[in-house]
Amino acid sequence: MRRLKERVIETVLFLAAASSVLVTIGIVGILVVESIPFFEHVTLKEFLTDTEWTPLFENARYGILPLLSGTFLTTVIALLVAIPLGTVTAAFLSEYVRPAWREVLKPILELLAAVPTVVYGYFALLFVTPLLQKIIPDLSGFNVLSAGIVIGMMIVPYVSSLSEDAMGAVPSHLREASFAVGASRMQTSFRVVIPAAFSGITSAYILGISRALGETMVVAIAAGMQPNLTLNPTEPAATITAFIVQVSLGDLPHGSIGYQSIYVAGLSLLVLTLCFNIFGLWLRKKFQEKE
Amino acid sequence: MESQQDILANIKRRQFWDFVFALTGLMSLLFALITLITLIVDLSLTGVPRITLDFFTSFPSRFAGKAGILSAWVGSFCVMITTAFCAIPLGVAAGVYLEEYSKKNWVSQIIELNIINLAGIPSITYGLMALGLFVYQLKLGQSILTAGLTLGLLVLPIIIVTTREAIRAIPNAIREASYAMGASKWQTIRHHILPYSSGGIMTGVIISLSRAIGETAPLITIGALTFIAFLPTAPISDVPPFINLKWLMDPFTVMPIQMFNWLSRPQAEFHVNAAATGVILLMMTLIMNGGAIYLRSRFRKKMKW
């Protein structure tokens, strides 16, 4: 009797653990299934090469490029902010700050990632954009620049926290050896700790990139939701995520081409995120072999 | 041979650059913290004066001055409860299985890899999945239940990971002592592992709910309405069985969506409402995160194995 109960409990717990895999299968499955009908209307060539994305207009065009350029641009700006800030902060916390202070500072820094994204959207639209307009007078009220910068600030803790974990895990005898031959803390940090923690730092960057690619509300609020094939950050544009929000706000009949278009957009986003994750895994593998 | 002076100059130079680097590090840290403070202050200056009792007890309105967040905070509250009911049992059970039962084989490896990957999946794709699966396939509608399930799945990895960390911190001696007394595996988990890890699990639950309460994009995707001027059905009725779950199937709005709605209007008066909602949201997430940090540190101090 007791043995039976143990078996049943183990099975139930296993099902719970396996359900997390079902979530992934569900996401991929639904995105693929709902996207397939879209390609009965639109050829893959049109989808990948057309330079306009206007699925909801009468004269609908289905080129993903404008959404990709918007996504690419915001992500690059966000990373230009987050990677230097996050990495330097991590090195500072790991090599210069006393452990007691680190215990206090790290959770405070992580609060930056806890702020709801819609609040960041407010901040980008009504604080950062007016501030930037004082420096760049012809900046449009909706623009990619301020959205990108704010997303960058938002993902600083993802980058810094995980990087710091990786740097903290570097064995201290490596540091001591470096100090013993007369290296300064900065030299130790750049030539010993960061290379040794490279694998962990890469995963921190990859998580940061995934966050930036998938960030929705900041761009939907501050970047203007207009698909725009441009690499000029002072103009409004739309990302893949912003387009999905824009369409979802309206009333969209199930099965219409507009409905299918958000799934195609979502699938593209997922594929893009997956590519970066695989690239990160490859980078880590390659570096680990070298050691 | 380098002369002593060369060496001294070399040391000076390196000390200088070391100092510059330390200063850069301090600046980046301060920049991040100042951004956080600026955000809080800027939002509060606009929003706090607007927060009155009426703001909590009024429905949204065409007139910015009369509008409030009654339906939004009630909606947020209902969605949070549903999320917690969905995510906590599933997440804790999964965490317990992965730490205490799973053997090293390909099944457990797939599950582990998958949990790491879930953290990188954009939240909006959860919304798309929910729209296709819960709203249209399972016909749950654009309801509180759909929203709770969606957010529940979204925060599931957070709960699984924190549960595992909490369980891993329990030394094996505890398990062995329990087995030595003749307890079965489940009895050991039920009476020892779960109680000792409850502090860590609570931390994870609070963090995941604070994440869920600010989440906007997946709920917009499932078609949560932005203008709701009524409340969900009351959970208690005057006819037996007195408790009804009809509210689960009601349409809803939540605070972040209400804030987004006000923010996307051109008039500045609505932006004030958005700021006020933002202050409330921000305070809730900061308090929840602060509580989680406090709980974690207290738990660490108390547990001396």
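Which residues lie nearest the centre of the second largest pocket? They are A:Ser248, A:Leu249, A:Gly250, A:Asp251 and B:Gly223, out of 20 residues that line this pocket. The model is a predicted one, and the values below are computed from it.

## The second largest pocket

The volume of the second largest pocket is about 300 Å³. Four elements contribute two or more residues each to its lining: from chain A, helix H12 (240-249) and helix H13 (257-290), and from chain B, helix H5 (123-137) and helix H10 (255-263). The top contributor is H12(A), with three residues.

Sorted by class, the lining of this pocket comprises eleven nonpolar residues, eight polar residues and one charged residue.

## The interface of chains A and B

On the side of chain B, 78 residues make contact, and they do so with 77 residues of chain A. The size of an interface is often stated as the accessible area that is lost when the parts come together. Here chain B and chain A bury about 6800 Å² between them, and carbon and sulfur atoms account for 77% of that area. Within chain B, the residues that lose the most area to chain A are B:Phe21, B:Leu128 and B:Phe260, which together make up 10% of what that side buries.

The rule finds two salt bridges across the interface. In a salt bridge between the chains, the side chain of A:Glu10 meets that of B:Lys103, with an N to O distance of 3.9 Å. Polar contacts across the interface involve eleven residue pairs, with both residues of a pair at pLDDT 80 or more. Helix H1 (residues 4-47) of chain B supplies 20 residues to the side of chain B that touches chain A, the largest share of that side. By class, that side of chain B holds 49 nonpolar, 22 polar and seven charged residues.

## Chain A

Chain A has 13 helices and zero strands. Read from the N terminus, its elements run α-α-α-α-α-α-α-α-α-α-α-α-α. The C-alpha trace of chain A spans about 75 × 70 × 35 Å along its principal axes.

## Salt bridges

Over all chains, the structure holds eleven salt bridges. One salt bridge within chain A joins the side chains of A:Arg102 and A:Glu164, at 3.5 Å from N to O. This pair links distant parts of the chain, with the two positions 62 residues apart in numbering. A:Arg102 belongs to helix H5 (residues 99-114) of chain A, and A:Glu164 belongs to helix H7 (residues 144-168) of chain A.

## Cavities

Two cavities of 30 Å³ or more are found in the structure. The largest cavity holds about 40 Å³ of space. Its lining consists of B:Ser71, B:Gly75, B:Ile228, B:Phe230, B:Leu231, B:Pro232, B:Pro251, B:Phe252 and B:Thr253. Six of these lining residues are nonpolar and three are polar, with no charged residues.

The second largest cavity has about 30 Å³ of volume. The residues around this cavity are B:Ser76, B:Val79, B:Met80, B:Leu151, B:Ala212, B:Ile213, B:Glu215, B:Leu219, B:Val254 and B:Pro256. At least two residues of this lining come from each of helix H3 (70-101) and helix H8 (185-214) of chain B. H3(B) gives the largest share, three residues. In the lining of the second largest cavity, eight residues are nonpolar, one is polar and one is charged.

Technical notes:
Residues numbered from 1 in each chain as written. Chains lettered and ligands numbered in written order. Heavy atoms only, no water. Contact = heavy atoms within 4.5 Å. Buried area = accessible area lost by both parts, 1.4 Å probe. Salt bridge = Lys/Arg side-chain N within 4 Å of Asp/Glu carboxyl O. Polar contact = N/O pair within 3.5 Å; in protein donor to acceptor, adjacent residues only side chain to side chain. Nonpolar A, V, L, I, M, F, W, Y, C, P; charged D, E, K, R; others polar. 1 Å grid on protein atoms, 1.4 Å probe; cavity = no way out; pocket = protein on both sides within 12 Å on 5 of 7 lines; lining within 4 Å. Points joined across faces, edges and corners; volume = space filled by probe spheres on them.
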